[in-house]
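Visitor: Got a minute to walk me through this one? I'd like to go strand by strand.

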Amino acid sequence: MNKIEHIGIAVKNMDISCSLYEQLLGAACYKKELVASEGVNTAFFKTGQNKIELLSATVADSPIAKFLERKGEGIHHIAFDVEDIVVEMDRLKAAGFVLLNEQPKRGADNKLVCFVHPKGTNGVLVELCQEIKA
Ligand SMILES: CC[C@@H](C(=O)O)C(=O)SCCNC(=O)CCNC(=O)[C@H](O)C(C)(C)COP(=O)(O)OP(=O)(O)OC[C@H]1O[C@@H](n2cnc3c(N)ncnc32)[C@H](O)[C@@H]1OP(=O)(O)O
Ligand SMILES: [Co+2]
């Protein structure tokens, strides 16, 4: 795995949280994207080399809606950049980690993604991200 690609933060109200993070980071949101397959709206910020992904729920059964109900707003996942997501998925599966999708799926910001169950990672939801090259 390479560097941390982004940190995902679950928020209740995207507009309010976008303004808050613009103030906090002193940087404007550079991209907003609906990912209907995950039931989320996303907003991205860059701070130095790092990337923050705000996530709000668009449907009641979205993972973000469930997380907000259970834990409230806060850090939802940590995403790692990978060179080859299939190789990395095979490696993690062989090591006994539980993958939440069998095939890479389309994420936000031009990425293929796969999630690793938090039960096997000390309670942290991990996302693998591979950039989709043109
Ligand atoms: C926009 C696309 C993409 C990107 O490009 O960046 C994204 O980031 S999308 C982000 C949203 N999508 C996902 O989170 C997909 C993967 N998540 C899941 O499949 C599920 O959320 C889950 C992790 C399997 C949990 O689902 P479920 O079992 O239905 O939820 P429960 O509410 O019943 O919780 C069970 C258990 O898991 C703990 N949990 C849930 N979410 C998290 C989390 N984010 N981090 C840590 N732990 C989490 C929850 O607390 C429960 O634990 P116990 O109480 O100990 O049973
Ligand atoms: Co993410």
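Guide: Sure. S2 and S3 run antiparallel, with five bridges joining them. This is a predicted model, so local features need pLDDT of at least 70 and side-chain atom pairs count only at pLDDT 80 or more, while totals for chains, interfaces and linings use all residues. Residues are numbered from 1 along each chain as its sequence is written, and chains are lettered from A and ligands numbered from 1 in the order in which they are written.

Visitor: What counts as a strand, and when do two of them pair?
Guide: Strands (E, at least two residues) and helices (H or I, at least four) are DSSP runs numbered from the N terminus. Two strands pair if DSSP finds at least two bridges between them.

Visitor: Back to S2 and S3 then. Which residue stands opposite Val35?
Guide: Val40 in S3. Four residues lie between the two strands of that hairpin, and Gly39 takes a positive phi near 65° there.

Visitor: And how many bridges join S3 to S4?
Guide: Eight, between residues 40–47 of S3 and residues 50–57 of S4, in the antiparallel sense. Thr42 is opposite Leu55, and Phe44 has Glu53 as its bridge partner. This hairpin has two residues between its strands, with Gly48 at a positive phi near 60°.

Visitor: What's the strand order in the whole sheet?
Guide: S2-S3-S4-S1-S5-S8-S7-S6, an open sheet of eight strands with mixed pairing. S2 (31–35) and S6 (105–106) are the edge strands, each pairing on one side only.

Visitor: Which helix packs on it?
Guide: Helix H2, residues 63–71, touches S1 (4–10), S3, S4 and S5 (74–81), and its direction makes about 90° with that of S4. Contact here is C-beta atoms, placed from the backbone, within 7 Å. The axes are lines fitted to C-alpha atoms, for helices over the stretch in contact, and angles run from 0 to 180 degrees between N-to-C directions.

Visitor: Where does the mixed pairing show up? Take S5: parallel or antiparallel to S1, and to S8?
Guide: S5 is antiparallel to S1, over six bridges, and parallel to S8, over four. Ile4 stands opposite Phe80 in S5, and Ile78 has Val126 in S8 as its bridge partner.

Visitor: And beyond S8?
Guide: S8 (residues 126–131) pairs with S7 over six bridges, antiparallel. Val113 is partnered with Cys129 in that pair. S7 (residues 111–116) is then joined to S6 by two bridges, again antiparallel, and Arg106 has Leu112 as its bridge partner. The hairpin of S6 and S7 has four residues between the strands, with Asp109 in the turn at a positive phi of about 55°.

Visitor: Switching topic. Which residues are closest to ligand 1?
Guide: Pro63, Gly107, Ala108, Pro118 and Leu125, out of 26 that surround it. A residue counts as near if its C-beta atom, placed from the backbone, lies within 6 Å. S3, S4, H2, S5 and S7 each give two or more residues to the shell.

Visitor: Which element gives the most?
Guide: H2, with five residues.

Visitor: What's the make-up by class?
Guide: 13 nonpolar, seven polar and six charged residues. Ala, Val, Leu, Ile, Met, Phe, Trp, Tyr, Cys and Pro count as nonpolar, Asp, Glu, Lys and Arg as charged, and the others, Gly among them, as polar.

Visitor: What does UniProt list for residues 3–131?
Guide: An unreviewed entry there gives "domain: VOC" for them. Positions are in the numbering used here, feature names are shortened, and annotations may be inferred rather than shown by experiment. In the model, that span is 24% helix and 39% strand, and its end C-alpha atoms lie 13 Å apart.

Visitor: Last one: what confidence does the predictor give?
Guide: The chain averages a pLDDT of 97, and 100% of the residues score at least 70. pLDDT is the predictor's confidence in each residue, from 0 to 100. For the complex, ipTM is 0.98 and pTM is 0.97.

Notes
Contact = placed C-beta atoms within 7 Å.
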